[in-house]
Amino acid sequence: MEKKPFRTTCSTDLCFAIFISSAIVWIFFCFDYSTFHPSNNGVQGISSSLNPNKLLLKPSPLAARTLDPCSGRYLFIQNIPSRFNSDLITNCQSLTRGTDKSDMCPYFVNSGLGPEIEDSRGVFLNSSCFKTNQFLLEVIFHNKMKQYECLTNDSAMASAVYVPFYAGLDISHYLWNPSITIRDSSARDFLSLISEKPEWKRMFGRDHFFVAGRISWDFRRQTDEVSDWGSKLRFLPESHNMTMLSVEASSWKNDFAIPYPTYFHPSKLSEIVEWQSLMRARQRHHLFTFTGAPRPDLTDSIRGMVIEQCRGSSLCKFIDCSSDGVNCDDPTTTMEAFQSSIFCLQPPGDSYTRRSIFDSILAGCIPVFFHPGTAYSQYLWHLPKNQTAYSVFIPVRNVKKWDESIEGILSGISKDRESAMREEVIRIIPRIVYGDPRSKIGNLEDAFDLAVKGILERVENVRKKIREGRDPSEGFDDPDHFKYTFSNKN
């Protein structure tokens, strides 16, 4: 029988199968398996020679060479009239800081970071520290968003919609106006406009979010009494479907707290590492410190007792921020006190939270809280779940019956535990600072990135409910009346 010659070519199906197999093998070799192996503290590490503190890094794009690295992360910036954002900056002379009637204009320079801090006596790094005003979070966030790596001009691709409404700056014009109609007019105009946009129709606003540089209670006036504080923005119908990020959240589930801006806005990773090293090396001469002013009109405030105990202790440093005290608008004064102290007292003030929480963490000072609403129930995306790892909690349920010694409690903490807490505080510094909007820090997640991640997860949970045929409004904006109450453990 005549033998057929051997064919050196393969069939089309066989060649295709070999090609696919080779491609799969190549992808497995290129895949970044390190993303599946977090460091001991639950975040991904970088070179120990560069950063021994295991900073929180963004997922490596190598892990998905053949996929869209922005899949599930696209954001769309909604276009709104300039009266709701940039015009407020242009007319900054009409904006004040509250009781201080000086205008806000000097703080809008450097993309909202404020003027650079000069002659800081070694307290700050010269190139990355600014006199940042706490009310400008919404401006800083907007400028950060403009540099976000996964922006899209196609709203259909977006996982969430960012609305650059400067709600805090807007309401600051009207907070003290006796007319509730005037206080609510801008909010009504904004919501009427945004709810007519085609992007709104897709999820009726449940994928929309905005940022406010004021506490959320400024937007939750519950009555139409002239004496009641704030605007009604968050109680207007369309607003129920939006998520607001602010420096202090309310007890409603569509409000989320993100950190107050600090004075430190790094533009590169090495500045963060340098800052952490400086805070680790600081000599801390005071056991504890308190920076603030009395609140004599607030009868239930713990502040008076905190100040009394601090003044009565040789181990406490008190910075009096009252009108006849120290100028606490000087960042160097307050940060120098924090950097020289082991513990920093953080009692509630006019509201639950304080910017001082984050300034003290930035200084490597262990925060001491007296109410769960000051931090633990607030900054869920940014602070560790293990509260005792980075802070001390002295619960004060009833000011009139409280008679504990702050000095006694803090003096009883062992040196080993104190060192471990301070190291944890220094480790989380990158999570609570906003990098310079004019630069890209690189593969590091700062406070902005963690806020965006939290929003994306929230919107995805809503989409999941829709896919499962459930009501997307379920639990979206419900009140949580126990959010800021003491637990049975306290």
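**View 1. The whole chain, with 53% of its 490 residues counting as buried.** Here, buried means under 20% relative accessible area, using a 1.4 Å probe and protein chains only. This is a predicted model, where local features need pLDDT of at least 70, side-chain atom pairs count only at pLDDT 80 or more, and totals for chains, interfaces and linings use all residues. Residues are numbered from 1 along each chain as its sequence is written, and side-chain values use heavy atoms, leaving out hydrogens and water. You'll find 14 helices and ten strands in the chain; these are DSSP runs numbered from the N terminus, helices being H or I of at least four residues and strands E of at least two.

**View 2. Helix α3 meets helix α14.** Residues 137-145 (α3) pack against residues 447-467 (α14) at about 80 degrees, with axes 11 Å apart. The axes are lines fitted to C-alpha atoms over the stretch in contact, and angles run from 0 to 180 degrees between N-to-C directions. That makes α3 and α14 roughly perpendicular, a label for 65 to 115 degrees. On the α3 side, look for F141, K144 and M145; α14 brings F448, A451 and V452. Contact means heavy atoms within 4.5 Å.

**View 3. F141 in the largest nonpolar core.** A nonpolar core is a set of buried Ala, Val, Leu, Ile, Met, Phe, Trp, Tyr and Cys residues joined through side-chain atoms within 4.5 Å. This one has 94 residues, and F141, L245, W275, F343 and L410 have the most contacts inside it. Helix α14 gives the most to this core, with eight residues. Beyond its neighbours within four places in sequence, F141 touches residues including Y162, F209, L245 and I258.

Technical notes. Parallel < 35°, antiparallel > 145°, perpendicular 65-115°, else oblique. Buried < 20%, exposed > 50% of the residue type's maximum accessible area, 1.4 Å probe, protein only.
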